[in-house]
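User: Could you take a close look at one helix pair in this protein for me? I'd like to know how the two helices sit against each other and what sits between them.

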Amino acid sequence: MRKKKTVIPANYLEKIPMRAPSLNWSTDEKGLVTLEIANTGWANRLAQVLFRRPRVSYIHLDKLGSFVWPLLDGKTNIIELGKQVEAEFGEEAHPLYERLARYFQILDSYRFIEWAGPKNPKKVKL
């Protein structure tokens, strides 16, 4: 069975990600990032009482994710982040933009990041 080729729109790569301000994170001695997610809400509280779920969940990022996470300042778009990742990891990061796009899609789905506006929005003539 053939593997589907992923097509990423160019305008997605121009998006500017930034960390969610309510999210706590830390870095260990190896440089790996750990995100601290507070489990709030009535369903989480019920799960904590009934099933002994933790109040805080810890998400450990891999080395590529840990490299990118501190760079999310709300000023750098995904293309520029990709250039920095390629300079750091080289061939190990390939397929680069497909991996970065999927990484940001996952972070966005969990609301770990927010999107800033583009640096130079394209003007449309009407």
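Analyst: H4 and H5 are oblique to each other, because their angle of about 120° falls outside the 65 to 115 range that counts as roughly perpendicular and isn't over 145, where roughly antiparallel begins. This is a predicted model, by the way. The two axes lie 10 Å apart, and the crossing is right-handed. On the H4 side, the contact is made by Ile78, Ile79, Leu81, Gly82, Lys83, Val85 and Glu86. H5 brings Leu96, Tyr97, Leu100 and Phe104 to meet them. Sorted by class, that's eight nonpolar residues, one polar and two charged.

Phe104 is worth following further. Along with Leu35 and Trp69, Phe104 touches the most other members of the largest nonpolar core, which has 25 residues. Helices H1 (10-13), H3 (63-68), H4 (78-89) and H5 (96-109), plus strand S3 (33-38), each supply at least two residues of this core. H5 gives the largest share, six residues.

Leu35 links up with quite a spread of the chain: leaving aside residues up to four places away in sequence, Leu35 touches Leu23, Asn24, Trp25, Ser57, Tyr58, Ile59, Leu61, Trp69 and Phe112.

Now for the wider setting. The protein has five helices and five strands, running α-β-β-β-α-β-α-α-α-β along the sequence. Of its 126 residues, 29% count as buried. Among contacts between residues at least 6 apart in sequence, 61% join residues at least 24 apart.

Conventions. Residues numbered from 1 in each chain as written. Predicted model: local features only at pLDDT ≥ 70, side-chain atom pairs only at ≥ 80, totals over all residues. Heavy atoms only, no water. Core = buried A, V, L, I, M, F, W, Y, C linked by side-chain atoms within 4.5 Å. Buried < 20%, exposed > 50% of the residue type's maximum accessible area, 1.4 Å probe, protein only. Helix = DSSP H or I, 4+ residues; strand = E, 2+ residues; numbered from the N terminus. Contact = heavy atoms within 4.5 Å. Axes fitted to C-alpha atoms, helices over the stretch in contact; angles between N-to-C directions. Parallel < 35°, antiparallel > 145°, perpendicular 65-115°, else oblique. Left-handed = near helix turned anticlockwise from the far one by under 90°. Nonpolar A, V, L, I, M, F, W, Y, C, P; charged D, E, K, R; others polar.
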